[in-house]
Each structure stands twice: as C-alpha cells, then as structure tokens.
There are 4 protein chains.
Amino acid sequence: MTYRVGIINVTGFAGMEAARLLWSHPSAQLVAATGRSLAGKKLREAFPHLAVYRDLVIGDEIEDDVDIVMSALPTAASAEACAPWVRKGIPTIDIAADFRLRDPGAYEEWFGQPHPAPDLLEQAVYGLPELNRDRIKAAKLVANPGCYPATSLLALAPAMAEGLIEDSVVVDAKSGVSGAGRGTGGGFAYADVNEDVSAYKIANHNHQPEIAQELGALREGPQPRVTFVPHLVPMTRGIHATCYAPLRRDVSRDEVFRLYRDFYGDAPFTAVVESPPHTKHTLGNNMCLVHPVVDERNGMLVVAGVLDNLVKGAAGQAIENMNLMLGLPQDAGLNIPAVFP
Amino acid sequence: MTYRVGIINVTGFAGMEAARLLWSHPSAQLVAATGRSLAGKKLREAFPHLAVYRDLVIGDEIEDDVDIVMSALPTAASAEACAPWVRKGIPTIDIAADFRLRDPGAYEEWFGQPHPAPDLLEQAVYGLPELNRDRIKAAKLVANPGCYPATSLLALAPAMAEGLIEDSVVVDAKSGVSGAGRGTGGGFAYADVNEDVSAYKIANHNHQPEIAQELGALREGPQPRVTFVPHLVPMTRGIHATCYAPLRRDVSRDEVFRLYRDFYGDAPFTAVVESPPHTKHTLGNNMCLVHPVVDERNGMLVVAGVLDNLVKGAAGQAIENMNLMLGLPQDAGLNIPAVFP
Amino acid sequence: MTYRVGIINVTGFAGMEAARLLWSHPSAQLVAATGRSLAGKKLREAFPHLAVYRDLVIGDEIEDDVDIVMSALPTAASAEACAPWVRKGIPTIDIAADFRLRDPGAYEEWFGQPHPAPDLLEQAVYGLPELNRDRIKAAKLVANPGCYPATSLLALAPAMAEGLIEDSVVVDAKSGVSGAGRGTGGGFAYADVNEDVSAYKIANHNHQPEIAQELGALREGPQPRVTFVPHLVPMTRGIHATCYAPLRRDVSRDEVFRLYRDFYGDAPFTAVVESPPHTKHTLGNNMCLVHPVVDERNGMLVVAGVLDNLVKGAAGQAIENMNLMLGLPQDAGLNIPAVFP
Amino acid sequence: MTYRVGIINVTGFAGMEAARLLWSHPSAQLVAATGRSLAGKKLREAFPHLAVYRDLVIGDEIEDDVDIVMSALPTAASAEACAPWVRKGIPTIDIAADFRLRDPGAYEEWFGQPHPAPDLLEQAVYGLPELNRDRIKAAKLVANPGCYPATSLLALAPAMAEGLIEDSVVVDAKSGVSGAGRGTGGGFAYADVNEDVSAYKIANHNHQPEIAQELGALREGPQPRVTFVPHLVPMTRGIHATCYAPLRRDVSRDEVFRLYRDFYGDAPFTAVVESPPHTKHTLGNNMCLVHPVVDERNGMLVVAGVLDNLVKGAAGQAIENMNLMLGLPQDAGLNIPAVFP
C-alpha cells in the first residue's frame, strides 16, 4: 500500500526537503502540497531541484484525500492549519513549534501570543523517537522537534536520564543558515554571512524552553537550567551542538560510551561515534552523530552532537515520525548515505 | 535479479560517490570495493557518510564474483586495472581518462606516457548516452567521460551536430574543487581556495582533446578548434561550462530551443531550461541542465551547461552506463531530486 | 595640505569602501558622507568595521565645504546628484554608470531611460588611468569604470591597441556577490549563492557597451564585437575576467608579454604576471593582475585579469582618479598589500 | 626615527601577516625576513599579495642590524630561535607558544617535550596589553598570546578580576582555518572544511592551560577550572569565543557593561559592544569586540568575544607589543578599519 501524504507549505526549506525525501519513500507518496505565494505553479517550475515531480501542482489548500498531513508553516499559522486535520482524525505532524511546549503559558511567554489551539496540546506527542517511540506510534498529532533541541537532546539525553550530570547545562550551538528559512532579509545575505560567525538571541532563543522541558521529562524533578546560545556559521546545512554539563560523579570514558550506546540501542538514526563528528557527514540524511567526552580535569561532561537541520532536524524527522504513526518500518525511505564531500 | 558490482578504488571522490549512489539502486549492489591505502578497513569506518554499508570491507583486489566493474583509479593505473576484466569479458567502465581518446598518439601527447593498453582502445565506447546510447548498450568497455567534457559536449552537441556553429569554440568552465580529487596538496587547502577564483592549465588541459574529438564525431570533417580554460571556484561540487561559438547563420531563440529539445528528446538526464541554470540545482543528482542563448548583436551562440561533477560528471554517469550495459532501465537508481539548498 | 572629500551615499558597498580606504590617505580626509536611510547616525554605529571614524555623522546632503565629491548612488540618481557639483566646478567622480557611455542614445538603450544630464557627457572623462591618465588629470567630471569593464579592459587593451587581435572578443567574467551591492533580495541570500555558480544577463549586461566603447577607442575603426557573460560565484569580493580573442597573426609568448609590459610601463596598479592570477591576491587593494596566454593550437589569445571589484573595480579606482584630479601622487593612500589569506 | 624589524619565519600565516601590517607602520620597517624553504626568493615572488615589497629577499638567517625581532616559527623551534636575540639584549617577541606558560612542567605536560630555554621563562612577559601594558613596556622578551586565549581572556578578564564569576568557566571557540597555519594536510582541504563544523581536541587543547593561567593571575587563589573546546568553521579568518561562567551574585546588564567598560578604559583595541559581535567586523584589523550578556534565568554570565586570529590573535598583537616595547604609541600602524564585506 502507498500512503498519500499532504504537505502544507511546501515552499519553505523544511517543506521542500520533505518533498525531496518523500520522492524515494517506498510506501508513501506526496500527493498534495500547498504554498500560497506559488499556488498554481508546478512544483518543478518553482523548484528546479525537484524536477522529478513532473506533474504535481502547488495548491492553495489540500483538497485531495490524504492519509497524513505535515505542516511546515510558520509558528501560529501552523497550529491553525493543523487543527482541522487533527479534529478530522487525520494523523498530523507539525514541523513548526506550536505543539512542542506543553504549557500554553510558556508558549505565550516565548512566542509572544496566546496559543492558537490550546485544546490540542494534551494529545500532542513530542516527536523524537529516540525518547518517545511508542507514544509517537499511538499519536494523532506529533510535534516535530526544533532543529536545535533535536541535536541537544540527543547529545544530552542519556546522561540526563541516568542522573550522570547536574541540572545545569550549557548548549552552544552552531547552525548553517538554512535553519533560518528561505527569507533573505536581515543578515542572511551572502555578503553578510560569508566569512563570519556570530551569536544571536543569546540565552533568549525560544528553543531553550523546549530543551529544558524535554530534558526535564527524562527524570524526576523540576526542569534543569539550560543556557542556550545559537550561532550562525557560514554554511547552508548542519547543526553542531556542543553541550556542557558538570558531572555528578567520576565516570570513565568507557562507562559513558556504554551508557550512551545502551541508551540508543537499536535506534536507527542516532550513532555514538568515537571521534568528534562532522556536520558534513550527515548532509542530506537523517543521522545524528553523538560524541561524549569526559573532561576529567574539570569534572565536566562535554558532548558534541551533529545533524542536518533540514533532515533529522526537520523534514527527515517528520518522515520518521510519519513512518511510526502509519505503522511502517521506522527507517523507511530514510536509510540513505549522506552526500559527501 | 540483483547485479553484483565491484568498484576499483572506492577511496577517491568518484569511487565513494559511486558507492553512495549504488546504495539506492533497485537492481545492483556494491559487493566489492578496493582501495589499497585503506584495505582491511570497513567502508563505514573509512567514510562515515557511507555508514549504511554496515559490513563491506575495503579490499586489495576484487576477489568476488562480479557482474560489472568500475574503475576510479588515476590515469594509467586505471587502464592496467581494467584490462584483465575486459579480457575476461566482464563489462567494465573506466571512470578515469584512459580509454577516452581514440588515438594512442594523442594520449601520449596529452598524458605524457604511452597508452597502457592500446589494443583495447578500439572496442572502448565513449560513455555519453545522449550521444552514444546504442553503442554503450553493446559495449564491454566504456570510457566514462571527463567531467568538463560531459558538460561541454551536452552544451554544444546539438548545435554542432546540426551545423549551426563554426568549427571554433571557446569553453570557459568553472569547477568546484572536488573535481581535483581527494588530494590536499598544491593549492587545494581551504585558506587558498576560499574567496578565490583562478584559471589553471589555460588552453592546455587534457580534457581539451576529448572535447574536440567528440564534437568532431558529431559531423563530417576534421575536429573543431576548442579553446578550453578551466577555473577553480570556491565550492565543493558542480561544474558550469559556458560555451561560445560563432553562428553560421541567423537563428531565432525559438529555433535553437526546438533544435536542442529535439536533439535530447527523451534523454532522461539532460534538460533544456529556460533560464540560466544553477550548479546547485543539480547537486547530488544526475541531471545536466543546458541553456542556449543567441547573442544576436554578435552572431554568437552562448550555451551554459551545469552538472554535478561527481554525479553526471563521474559516478552517476558510470551508473547510467552500467544500466545500459546490463539492459536495465537507463535511469534505474538515478531518478532522484537534487539536494537544495 | 589635506583635501576635504565628500561621499554621496556612503551606505552602499562602494561608498563604505571609499570611506575605508580614505582613512589611510595621507593627503585627503573624508569630511562629509550622505546616506538617506541612515542619516543622523554616526558612521561607526551604522558600520562597525569603520569604528575608527569616531565622530563622523551620516548626513542627508553634503553641507560642508569639500574639495572633491564622489557619488556612489545608483544609476540615474547619481547623475542627478553629481550635476550640481560639476556645475559649481567642484571635481566630481561618479562611481555609478551615468557618465561612462558617451552616446546618450546608448545610455537610453541599455539603462531604459533618458540620460539625466546629457549636457555633461561631453566633459566626462572615462576614469581608467592606464588608458587616460592625462585626460583624468585635467577633468572636472570623471566616470569611474564599472568593475567588469575595468577588469576586461585592462586584460585586453594592449592587444587591442596594438592590433594583435580581431574585432571580436569574448569576455567571460566571474564575480563575487558584493558587485551586486548591499541588497539582499532576489538570489543573493547565502543559501542560494553558496555552493553555486550561475550566469546572468547572458550577452545582455549593460557593462557590454562600456567594454566595446573603450576597446574601440584604443584604435581606429568601429567598435569591436564583445560577447560578455557575467557569472556569480560564491565569494564576497573579486572579479576574474577571462578574455578570448582570435589572434590576427602569429605571436610568441615573449612578444605578448613584452607588448603588455611596455603598454603598462609605470602604471602603478596593473601588473603583468607570469602565472594564472588569483582574485584573492588582490583582496582589499588596488591591484589588477593580468596574465596573457597564447593558445597556439587555435590561434587564440586568452587573457586572465583579476581585481577586487570594490577597490580597483570601484572605490580604489575612484581614489586613484581623485589623486590625479587633485595633482597628488597617483598611488597616494593606495600602495598597500592585499589581505591574504 | 624608523625602527628596523626582523621577522623569523615570514612564510607562515602569522609571519606574512606581520609583514603586511608592518608595511603601513609609520615608525617601523621590515628589513629582514627568514623562511628556510623559500630562502633566496623575493618576498613578492613567494607571496603575490605582498608585492609592495619590491626588493626584500627572504633569507636563511637574520643578518641585518635589527632593533627588534619577531619569531613566528613553530613551537620549540621558536624558543631556540629567540634565545640568542634575547641574550644579546634585542627586544624579542615570540608569536609561538614557547614563553606563555610560566611553569616549565606545564609546558612539558602540554607540549610533550622539555622546554627549550627554561632560563628565559622568568623574564618573559605575557603580551596582552589590556592586562599587562606596563610590564610589556619594560620587557625584553614578550610571549605573544595564542589566538584562542587572547579572545577568551579579553571576554572574561573583567568579570574574573572583579570576582563576579565562579572559578569554573566554559570557553566554546569557533575558528577559521588560518589558525591552523599554512599546512594543507589532515582535514584542511577545501572539500573537507567547506559546509562543515566540527570540534577538535575537546577539552584537551594546549591553549587551555594558557587561559587558566592568565585568568588565575587576575585575582588571588588557585587557577580556575577552564573547559575549552575549539571548533573549526568554514571561513579563513576570525575567532568567536563564547564564554560561560556562573555568576556569584545578581548583577544587572548595566552594571556588567559599566564594569567591562571601566576595565578596558582607554585600551585602544578592545571595545565593549551593545549587540552580538561579528568576526567579520574585525577582519584585517586589530580590534577585539566583547559583548557580555547576563542570563538571569540561569545565573550565568555569557560573553561573546571576536577578533581576527591573524591580527589581534597573532601579528597585530605582536606589533602592538612592539610599539609598547619600543616606546611608540600603542596603536601606531594599527588604527585601521576592518575589511568589510
């Protein structure tokens, strides 16, 4: 059987990446895609790299019968677009941030507006299969993780779940520009970004509460303190999160590796690697590479995590969630090499 | 049926790209791969982006039964490695330059040494399916085109075949650094390449005779004059060839487009596009995009052609040739979107 | 004596680069700078890299007494802003394109509007000192060359002036994005430009008539045919023009070098170099490097020329012209190393 | 008076950058430069960007009379080359790491060999003028800071000196590749670095003890714990250090800014800025930009510091030290704009 997939807002980077990845999926097919500014155009005319889609036309609304819906609209608009599908009982994946924070007050604090569909929050499942596989399988509404939280959580989860680290972590993240979306305004011109590194929204990015919430859910007690600083680096794709947490006890490198490998067990897309990982080794595929280091001199755990922000950090993760929600093999359509060099 | 493929020298960029692309092939499987410097290592350990190959070990020699062999060795070494397979009757594709020039004298002139296997030259078929599909289907030894010639020929072939242009063409090509292979010496360090453009081997690159030979084969008469200048630009993948040829008669834009589209007909991997093509729109897939422009003021035909030098310019082309040699659909395993952005 | 300089539109790349270079000038000082969108702001607040200007405030108009004015406004607006200064007898340099084409009809054809100040065209001198030094010294209005024409003319002028080449040339130019100015719209976002090469305005860029006009002025007869194709490459600064022209007679490499070196004689900023030049070797300084090659097989002259589009291609050239107009040493303030790597 | 400067090993990035900057120095002149692999060549032939040096020839040894010597040799070789000059009483600046750690035991631990000239350690002054101006003025041997420590110390010094933060800091640093020197081996090829971020020597880089030593020297008590993780990002120049330290008491943004601004007072090259700084705003000049942020939610001080690793992180710093040692104005030859974009 081939499942029929609809993408709301195929014209952003996450939406078009979902279309790219779905092309090769053995059991799912993109049958409808919206994008108001380009409605009426063929997908292949709007986006030459998707020329394999010979006939698909971008629409205003999803009018076809679909088995599952993914929304890649901006925050708030996404919740509004998702709500009717959820209410109709169609499995829905929100790639935006609307259903990630469980507390509507926190949403209002960080996003500056009341939540557009607070009644749906309770049934939303945070879509990181390494932490929530079974709940995702049963969910009708999945909140796809943010790209920074996905990287940070996969880097820190085993240590936090095992009580290895203090409740105070620093996440220093470096991202390529595609994480900011397709807009070209304010600082994303080539001449500004090239040969430059800078931080932004220092300790004030709305991915911070998402990291804290999900780390906190890994064990008893209040949410940990998370100091999160994102940086823009001159590349298109990729996130490198370097995470720092004081160790609560002495631990050897081997023990940490064992703990990490046990934690991820048979998870198909998170690998614990022996040397500092390169974002480039995940370009275009759904892998997250995690590398823990014990800084014995200072009693600190340092974990480097990398992924492609548009794949495991967005569209690939959404398809992995789709697979689970539809009862397909978790890695269907995603078990592919990265593009290197 | 699944065909068994061997790659000689999987450790260069072309070889590892062939491994990447073969992974998703529906009817062929990489079963043996050599690479002396890394022999004994698992492919996934040598190249983290190929971690999907869980067990394949890099060998010294291809010892398995294989149905087809691709060599991505350097020039001269490649001919030596190919020869025994050809003589055994195993279909063989040389991704290096050894079997491209039909004249062993030209080989010696441009490569500075006698041809290592001149007796095989006669049966070698130049592996550009847009020009030679039927001959490739019947070949036992295919000379995979160089990345610059592939781009240039696809940009100029229709005009040359139809007698639209003079026998004197300029090809100005811009290439990402992966075309130079995995070596890090002499000018390929990041600090040298970044924020730089420079030409090299001006009018003296050994892809020049290859372009002239194959353009010449498109019509009666002696080989055309080809002034070929390659440039290095700061990117990893991609070639942009801008080709200039004086028109022999007045011609309209529409007529040129019609001629180009007729010429390529149902070729699956060369598209004639309406606006200047971007190398980035072919990153990671097997497409060549061609855009002809009539410069009426000067009676000049200008054609821009782009492709990914590691795919349609090397490994993807090799797989397309493999498909034809094995009687598979020409686009098997290659009909995929590009990776953008 | 210190001359007082005013810059109209300091907020574009050319204007701010003029400010950067003037800082180190021994005999000239930036005393007034306009830029309407940022009027009222200190230069150092608007542009952190110019923090050395502790007190200069961006104004609406140049109200100070100035000895010379440079305009870096967009086309048409620039002519309007320059005209009053020229009429007052203040030496004026137009960095925009308004006074480059001598024929107002050609201006209208290529820029799509009537010339804003046709009465001033006659007195405008084309500001390329390698060709027009004495006339620049006597001028009150100098048309600063376009970045592409500056590179192309310096690459081709000796051969054209000596009658070495045919009247039919191809100029294939590769430019960093800063040539397009500070705008971030339409294709200049990092995610679009990075890992991409593409041509634009193929054989239809308004620098083409400028190249043809000035090449034509080097010898008797009608303007030569110029096929000009600009390309965008992923870097911020730098132009590489590769120029192709059929030779009218046999000529040796040595003769060509002698001819080029004689032609440039003691010109301080154009060097004839022995190997293919790198744009990076001119980053931030006023040099143009030129490298001629005789393609004997095809009877073609190939010349590679490089410069920094914001310096010798814009602001540095303007200061060189300023020096000549004010009777200062031609290289005052400009005799500096490039920034490498 | 013009002081005569000698550079030992002008052929590395730091050495050639010193040559670039010295060119514009009003009171100092480069008169001798060594570089064994290129000895006998003119500087301008070896390095086209330094073509302004028309006659200087690279030598084997400094044979001229010089007033001051800078060594940019690799570690250990540098101490050996500096020692004779120090012993002769010639002011000497070691741009390498040999005289930075005061404890020869620490040197042996981190550099894997005994110190080559332990008897000189006592007189060596750590050459960061923001901390040690008066001692540098009186020194005969200055240890020029490492690029990472320079950035980190300038970001953290005011807070550490004032007792604002705990004795446990995290420094997450992002560097362009030129910090690794001119070598092209192991991971610095363009195809490896482009579109990639990765950490290296996690919590094990030999700049870590340098940071700890100099932070410790700012107040009573043992050295603080420093977890230092460097990252390679795809750019040529620039360092961004993001520093994290738990606050020992509540403090407002205003108080922190006041404290930082008081601390740096009239230091000419460290500026406390109001928004997250960009490495690109310091490209080519000697500025360090520092931006402190109070993360109130977590009681953490975050400070972003940026500089050009080859200027304030190496050669510019050396010239600033030279100025102090020779009694020149501290900013002589260094008060220049950055190159942007």
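# A tour of chains A to D

Start with chains A and D. Chain A superposes on chain D by a rotation of 180 degrees with 0.0 Å of shift along the axis, at an RMSD of 0.0 Å. Everything on this tour belongs to a predicted model. To find the axis from chain A, select A:Pro234: of that chain's residues, A:Pro234 comes closest to the rotation axis, its C-alpha lying at 3.1 Å. The two copies use the same surface, since 98% of the contact residues of chain A recur in chain D.

Now colour the contact itself. Chain A gives 40 residues and chain D gives 39 residues. Which elements of chain A give two or more residues to the side that touches chain D? Select β8 (168-175), α7 (190-193), β9 (198-199), β10 (225-232), β11 (239-246), β13 (288-295) and β14 (300-307) of chain A. By class, this side of chain A holds 20 nonpolar, eleven polar and nine charged residues.

Switch to chains B and D. A turn of 180 degrees and a shift of 0.0 Å along the axis lay chain B on chain D, with an RMSD of 0.0 Å. That is how a two-fold axis relates two copies. Here twelve residues of chain B are in contact with twelve residues of chain D. The side of chain B that touches chain D has six nonpolar, five polar and one charged residues. The interface residues of chain B are also interface residues in chain D at a level of 100%, so the copies meet through the same surface.

Stay on chain B and show its strands. Seven of them form an open sheet with parallel pairing, in the order β3-β2-β1-β4-β5-β7-β6. Which strands stand at the edges? They are β3 (58-59) and β6 (124-126) of chain B; each has a single partner strand, so one side of each is left without a neighbour in the sheet. Zoom in on β6(B): it pairs with β7 (residues 141-143) of chain B in the parallel sense, over three bridges. Pick B:Tyr126 and look opposite, to B:Ala143 in β7(B).

Next, add two helices of chain B. Helix α10 (residues 311-326) lies across β1 (3-8), β2 (28-34), β4 (68-71), β5 (92-94) and β7 of chain B, and runs at about 155 degrees to β4(B). Helix α9 (residues 253-264) of chain B has twelve residues and reaches 17 Å from first C-alpha to last, close to the expected 16 Å. After α9(B) comes B:Gly265, with a positive phi near 40 degrees.

Move to chain C and select C:Met325, in helix α10 (residues 311-326) of that chain. Is this residue buried or exposed? C:Met325 is buried, because 23 other C-beta atoms lie within 10 Å and 20 or more are enough to count as buried. Its contacts beyond four places in sequence are C:Ile68, C:Pro91, C:Ile136, C:Lys137, C:Ala139 and C:Val142.

Finish with the backbone. Most residues other than glycine have a negative phi, and most peptide bonds are trans. B:Asn9 has a positive phi of about 70 degrees. B:Asn9 sits in the loop between β1 and α1 (13-23) of chain B and counts as buried, with 25 C-beta neighbours inside 10 Å. D:Ala76 also has a positive phi, about 80 degrees. Look for D:Ala76 in the loop between β4 (68-71) and α3 (77-88) of chain D; with 19 C-beta neighbours inside 10 Å, D:Ala76 counts as partly exposed. Last stop: the peptide bond from A:Phe340 to A:Pro341 is cis, omega near 0 degrees. A:Pro341 lies in the segment after α10 (311-326) of chain A.

Conventions: Residues are numbered from 1 along each chain as its sequence is written. Chains are lettered from A and ligands numbered from 1 in the order in which they are written. This is a predicted model: local features need pLDDT of at least 70, side-chain atom pairs count only at pLDDT 80 or more; totals for chains, interfaces and linings use all residues. Two residues are in contact if their C-beta atoms, placed from the backbone, lie within 7 Å. Helices (H or I, at least four residues) and strands (E, at least two) are DSSP runs, numbered from the N terminus. Ala, Val, Leu, Ile, Met, Phe, Trp, Tyr, Cys and Pro count as nonpolar, Asp, Glu, Lys and Arg as charged, and the others, Gly among them, as polar. Two strands pair if DSSP finds at least two bridges between them. Axes are lines fitted to C-alpha atoms, for helices over the stretch in contact, and angles run from 0 to 180 degrees between N-to-C directions. The expected span of a helix is 1.5 Å times one less than its number of residues. Copies are superposed by least squares on the C-alpha atoms of residues with pLDDT of at least 70 in both. A residue is buried if 20 or more other C-beta atoms lie within 10 Å of its own, exposed if 12 or fewer, and partly exposed in between; C-beta atoms are placed from the backbone.
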